[in-house]
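Grab your viewer and work through the exercises below. Try each task on your own before you read its solution.

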Amino acid sequence: MADVAALAGVSHQTVSRVLNDSPLVREDTRERVHAAIVELGYRRNAAARLLATNRSGRIGMVSAHLALHGPSMIAGAVQEAGREAGYDVSVVGVLQLSEEALRNAVDRLLDQAVEAIVVAVAHRDAHHLVRSLSLPIPVVLAQGVEPGEAMAAGIDQVAGARLATDHLLDAGHRSVAHVSGPTDWTEAAQRCEGWRRAHEARGLLPGPEVPGDWSASSGYDAGRRIAQDLSVTAVFVANDAMALGVLKALHEAGRDVPGDVSVVGFDDIPESDFYFPSLTTVAQDFLDLGRRAVELTVRALSGEERPTVELAEPVLLVRSSTGPAPAG
């Protein structure tokens, strides 16, 4: 910092003010300091900053199953939103949720002096485990949350499932089968709930439910079972990866999509528009979710007690995999 101050012809206090975006610095002085920083390749020492301000400028994040599309997108979205808000974001991944794994992940983040932690774990036990830690810093949940829940940001999974199921019922299908996600995932249960509610609102019984595990192979196995039931003309699949497996199984069984069976997925992964046929699916705005999670974090760090935000609304993207119910 002394070298930057000498090159710019200012005091080291002025350099500090520029680094902290103080409004007390004239614009021409700010430009000279930034030019000196670039010329010298100066990088601020995080440990020194922590000692000087008692603020690390860092948010921690715990995420599970980063190999899956949704969790990886949420982690990236929180990192991007954190940068926009002036924070670095440290992500620690856990393969399977347990109290020990969560505590170890949190301890790693606390060692980095994070100011708050975002937990993006859609496991049904995540809420209880997170609250049981009783941390002295704000903790925000970013997956599998309920409407109106404090310190929690999420996408309305029930509404997304209803969009998918209503689209099929509106097309004349009398009941819709469902390939569900793992039973211990909160969001899988919420999507299943939305599928059921859509039928109940019309006084209809839902079609068969076939379990999956988010993988294309489990979708393929479920699709083979569904293909044998000629009464099934529509299926809502809890994610796009499983929907790919369903499409393959239906094709191999000689069941045309969408002529014989319509298929809707969930997530709108980048490849879904290139499936054959292109997949009707529910899109989630993960960037918006990241911004909402960081917004809650910043509000909590500013002293607001248990802030809340609305759940983000998903959007149905209609493509070629759905059509009207077959005649007869």
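Two residues are in contact when they have heavy atoms within 4.5 Å of each other. Keep in mind that the model is predicted.

**Exercise 1. Find which residues Ala198 touches, leaving out those up to four places away in sequence.**

Step 1: locate the residue. Ala198 sits in helix 9, which covers residues 186–200.

Step 2: check how accessible the residue is. The cut-off for buried is under 20% relative accessible area. Ala198 comes in at 0%, so it counts as buried.

Step 3: list the contacts. Ala198 touches Arg162, Thr165, Asp166 and Leu169.

Step 4: add a distance. From C-alpha to C-alpha, Ala198 and Ala159 are 9.5 Å apart, with their positions 39 residues apart in sequence.

**Exercise 2. Get the overall picture of the protein chain: how many helices and strands does it have?**

Step 1: count the elements. You should end up with 12 helices and 10 strands.

Step 2: look at the dimensions. The C-alpha trace spans about 85 × 40 × 30 Å along its principal axes.

Step 3: look at burial. Of the 328 residues in the chain, 50% are buried.

Step 4: look at contact range. Take contacts between residues at least 6 apart in sequence: 70% of them join residues at least 24 apart.

**Exercise 3. Work out which strands strand 1 is joined to by bridges, and how they run.**

Step 1: start with strand 2 (residues 88–94). Seven bridges join it to strand 1, and the two run parallel. For a specific pair, take Met61, whose bridge partner in strand 2 is Val91.

Step 2: go on to strand 3 (residues 116–120). Here five bridges make the link to strand 1, again with parallel strands. Gly60 has Ile117 as its bridge partner in strand 3.

Step 3: see how strand 1 is packed. Six of its seven residues (58–64) are buried, so the strand is largely enclosed by the rest of the structure.

Step 4: find the crossover. Strand 1, helix 5 (residues 69–84) and strand 2 form a β-α-β unit, and its hand is right-handed.

**Exercise 4. Decide where the buried residues of helix 5 lie around its axis.**

Step 1: get the length. Helix 5 has 16 residues and reaches 23 Å from first C-alpha to last, close to the 22 Å expected at 1.5 Å a residue.

Step 2: list the buried residues. They are Gly70, Pro71, Ile74, Ala75, Ala77, Val78, Ala81 and Gly82.

Step 3: take the arc. These residues cover only 165° around the axis, which puts them on the same side of helix 5.

Step 4: find what covers that side. The cover includes strand 1, strand 2, strand 3 and helix 12 (286–301).

Step 5: turn the helix over. The face turned away from the buried side carries the exposed residues Arg83 and Glu84.

**Exercise 5. In the largest nonpolar core, find which residues touch the most other members.**

Step 1: pick out the hubs. Of the 25 residues in this core, Val179, Val235, Val237, Val246, Leu250 and Val263 touch the most other members.

Step 2: trace them to elements. Two or more residues each come from strand 5 (177–180), helix 10 (216–227), strand 7 (234–237) and helix 11 (240–252). Helix 11 gives the largest share, five residues.

Step 3: zoom in on a hub. Beyond its neighbours within four places in sequence, Val237 is in contact with Val179, Met242, Ala243, Val246, Val263, Val264, Gly265 and Phe266.

Step 4: look for another core. A second, separate one has 24 residues, among them Ile59, Tyr87, Met151 and Ala300.

**Exercise 6. Hunt for unusual backbone angles: which peptide bonds are cis?**

Step 1: recall the usual case. Most residues other than glycine have a negative phi, and most peptide bonds are trans.

Step 2: scan omega. The bond from Val257 to Pro258 is cis, with omega near 10°, and so is the one from Phe276 to Pro277, with omega near -5°.

Step 3: place the prolines. Pro258 is in the loop between helix 11 and strand 8 (262–267), while Pro277 is in the loop between strand 8 and strand 9 (280–283).

Step 4: scan phi. His65 has a positive phi near 60°, and Asp267 has one near 125°.

Step 5: compare the settings. His65 lies in the loop between strand 1 and helix 5 and is partly exposed at 23%. Asp267 belongs to strand 8 and is buried at 8%.

Technical notes
Residues numbered from 1 in each chain as written. Predicted model: local features only at pLDDT ≥ 70, side-chain atom pairs only at ≥ 80, totals over all residues. Heavy atoms only, no water. Buried < 20%, exposed > 50% of the residue type's maximum accessible area, 1.4 Å probe, protein only. Helix = DSSP H or I, 4+ residues; strand = E, 2+ residues; numbered from the N terminus. Pairing = 2+ DSSP bridges. Right-handed = clockwise from strand over helix to strand, strands pointing away. Expected span 1.5 Å × (residues − 1). Arc of directions from axis to C-beta. Core = buried A, V, L, I, M, F, W, Y, C linked by side-chain atoms within 4.5 Å.
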